[in-house]
Every structure is written in structure tokens, then in C-alpha cells.
Amino acid sequence: MAFFSIPNTRIAGISTCVPKNVVANKDYKWISAKERELLIRKIGVVEKRIVTKGMTASDLCFESGKKLIEELKWNKEDIELIIFVSQSRDYLLPATACILQDKLGLPKTCLAIDVNLGCSGFVYGMSIIANYIAHCGIKKALMLIGDVTPLASYRDKTSYPLFGDAGAATAFEYDEKAAPMHFNLQSDGSGFKAIIIPDGGMRNYPTKKSFEYKSYGKGIIRNKLQIALDGYAVFNFSLREVAPNVRALLEKFDVPIDSIDFFLFHQANLLINESVRKKMKLDPEKVPYSLNRFGNTSSASIPTTIVSELRKKVSTEKLKMILCGFGVGLSWGSVYVQTDNICCPEIIEL
Amino acid sequence: MGIEEFILKIESEFEDLKPGKMKPESHFREIFDWNSVNALTMIALVDCEYDVMLVAEDFQKSKTVLDLYKIIETKSKE
């Protein structure tokens, strides 16, 4: 397992932006009322936010980043690294991070990278940024992270009711006094088909056929440019891998499980997350959810949950947290992090 | 672990299921609305209660509650 520790990096702030457009699953007419009620109860998504036409993940991230820089009163010239973690980038090329570097008015001395990860992206993104800060002399950095749902077919009951849109920004800075972050990152590409958009990349370049809608079972109609979820595979993977990954992290770095204030899991769906929580015998009070209001916001689900559920606490207290992302790739990982009075503005609506 | 205990756990998990209606020989796809959400709920229940991971193929090759129970029993010994 990829265990490692990174010193001298602190989270300075977190902000999240969601679209104003609220979509309630009770209005999801593609399936029957009975099925809808069961689905809402089991996946835990009452409503979510969905972008309007033309709005992208980078637009949400831009608003989050702009707000955070203002609130932190950071001098833009001091920001030397920006990474954009997303699987719904603006263009196939160039990298969206470069576009955001310019749009946010960051200097040309700023290094910009796209990271193509989804649900595990927040934890992986943290590891990349913290490494640059700890080992490359970078003092201030921004992680912009988020995804949007035009990737899901409305006529696919396995994906559409689940996903919501959000874009978050997290600010990191060099701090000699910061407690080390401990990581445990893993991947398993043998499960790459579990969550996939089959066409549109270089392996299956888009053709007319890519746009043709096909039925994959009752209530599941999509084309090959839309997300395909193998519910069983994702579920089995999550139950098999998530709890052992977190347990191994705690054991490796001698962190008592009772010392953790909050466990922030990627908001996959209520059934998965509650199963993981019960397996780990965690107190519900320590495992916040934003699923009910925002859905599964993919890579942005951890920062969105922090801002929506823990804003006051993270702004005023020192906290010990486990952040754990898992999903598409398959890719998963967890990080132990101590936060100290971080800047956390209220959720922005765009 | 016994089949009766397994049935009690299923009855407590699935609110729509009337207590006493499910028997070992019951076809689980017929006794309540069997769909992917209920299948995932069953996987979660079995994982939590028996530390056994059911996969899609286990459902495909099972008809009755007893069939499922036997798979759980076999897997729990592995």
C-alpha cells in the first residue's frame, strides 16, 4: 500500500460553489412513484443542484477559488500552483487548470496541472499539492475540484438521481508548525469498467454510434458518451476496500480511531456510506452527510460536505479528520489531517 | 447462524415485507419487489451481519432464500 506522510502543509481554507438550480428526486418522473420513494430512501439523495446549459465544473470552481482568495486576503502573485481535479473538464485539450490560472488572475509563475480523477480526487489532489509544498518550495497553492452531471443520462435511473453538481476550492500553504498529513492511496485498474464513459476519448473516438441511445435494462437508457455505472461492482468494491484502507492508515500511523473528530467519506450513496460506517463501528455524529441536499458530487463531495455540514466547527476549532475518497478508476485513498481554524465561507450559489 | 435468523434479519431490513411471509423455500424475486436497489440492500445486510460479500452472480444462480443462505454459509467458511 502507498503509505506516506507529508509535513509542513496546512489547509488554509475551503469553499464550495453549487448551481442555484435545485432538482428534487421526488420530481424524477422517469421511474414510478414507488420506485422513486425506495430510491430516495436508499441512496439518500432528496435533492441536488444541477448546472444550467453552458455552465461547467470550472465555472463553479472559479467562483469558489475567487471567493476563497478574497476571504483569505491572499496576494494572487504568491500563488505558485493550481491544480484542477475533474473528469468534466472544459475541453479535451488544453488543460482546464491553465484556463483557470488566467481567469483567476494568477501569475505566469504559477504551475497549472489537470488531474483526471473523480471520487478519490480530493485525497489524491491533496497528496500532490502537499508534496509540492513540502518538497518543492511552493508556499501557496489552490486545488480546484468538481464535476457536473451532463455526463449522466436522464433516462438512466442508476446514475441520474444520484449525481449533483459542485465545484470547490481548497487553499494550502506552507506552515512549519503544521502536523503531518498521513496518506494511504490505492488503485485497481482491473475494475475500470465499473464506472465508465466508453466513448469520446482516444480509445473509442466518438462516432455517430456514440450518440445512439440503447436500453441496458428497465429504466436504463443511455448513449456511449454518458456515464455507465455497474452498481454491483461499485457496491462490492466500496464494501471490500474502503474500511480496510482507513483502518490500515490508522494502524500504520498509530492514530487511535477514537481520537478522530470527523470521518469525511466521499458521498457515494447512503446505502454504501452507511454500510462502511457500520462496518467501522463509527458514531453517526462523526460521519456527516451532504448527500440529502447535494447528491453525489463526485470529486467535490468531501469539500462540499465540510462546507455544508462543518463550516462553523472547521472555522473555529482544531480538528482531527479522516478524509476518504473512493470510486471511478478504480481509485481510492484516505488521509489523516489536522485542521486549525480554516477559512470556510458559506456555500456560494451560481 | 441459522436460516430462521437470516429470515428475521431480512424481515427487519425490508420494511415492505410482512413478518412471517418469507419461508426458506420462498422465491426471493417473488416475495417482494425485487430490483437492483433491494439487491444492493441485501448485499449490504449480508456484508454487515455475516461479513460475507455477495456478488451479482450469487443472485443469478439463486432462486430461493435457502439458495442464498447456502451461498452465505459456504462463503463464510472460505
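## A walk through the helix packing and the core

Start with helices H2 and H3 of chain A, which are oblique to each other because an angle of about 40° falls outside the ranges for roughly parallel, antiparallel or perpendicular. This is a predicted model, so keep that in mind as you click along. To set up the view, select residues 57–72 for H2(A) and residues 96–103 for H3(A). Their axes are 11 Å apart, and the crossing is right-handed.

Now show the side chains where the two helices meet. On H2(A), pick A:Ser58, A:Cys61, A:Phe62 and A:Gly65. On H3(A), the partners are A:Thr96, A:Ile99, A:Leu100 and A:Lys103. Colour that contact by class and you get four nonpolar, three polar and one charged residues.

**Next stop: the core**

Which residues have the most contacts inside the largest nonpolar core? Select A:Ile82, A:Ile129, A:Leu264 and A:Leu323. The core they belong to has 116 residues. Add residues 121–136 of chain A, and you have helix H4, which gives the most to this core, with eight residues.

Stay on A:Leu323 and bring up what surrounds it. Leaving aside neighbours within four places in sequence, A:Leu323 is in contact with A:Phe122 and A:Val123, as well as A:Leu264, A:Ile302, A:Ser334, A:Val335 and A:Val337. A:Leu264 is worth a second click, as it is also among the residues with the most contacts inside the core.

**Across to chain B**

Switch on both chains. Here 13 residues of chain A are in contact with eleven residues of chain B. Which elements of chain A give two or more residues to the side that touches chain B? Select H1 (33–43), H5 and H6 (270–279). H5(A) gives the most, with six residues. By class, the chain A side divides into six nonpolar, three polar and four charged residues.

**Last stop: H5(A) against H3(B)**

Select residues 231–252 of chain A and residues 36–50 of chain B. The axes of H5(A) and H3(B) come within 11 Å and cross at roughly 20°. An angle under 35 degrees counts as roughly parallel, so that is how these two helices lie to each other. The crossing of H5(A) and H3(B) is right-handed.

For the contact itself, display A:Gly231, A:Phe235 and A:Leu239 from H5(A), then B:Ser36, B:Leu40, B:Ile43 and B:Asp47 from H3(B). These divide into four nonpolar, two polar and one charged.

Notes. Residues numbered from 1 in each chain as written. Chains lettered and ligands numbered in written order. Predicted model: local features only at pLDDT ≥ 70, side-chain atom pairs only at ≥ 80, totals over all residues. Core = buried A, V, L, I, M, F, W, Y, C linked by C-beta atoms within 7 Å. Buried ≥ 20, exposed ≤ 12 C-beta atoms within 10 Å, placed from the backbone. Helix = DSSP H or I, 4+ residues; strand = E, 2+ residues; numbered from the N terminus. Contact = placed C-beta atoms within 7 Å. Axes fitted to C-alpha atoms, helices over the stretch in contact; angles between N-to-C directions. Parallel < 35°, antiparallel > 145°, perpendicular 65-115°, else oblique. Left-handed = near helix turned anticlockwise from the far one by under 90°. Nonpolar A, V, L, I, M, F, W, Y, C, P; charged D, E, K, R; others polar.
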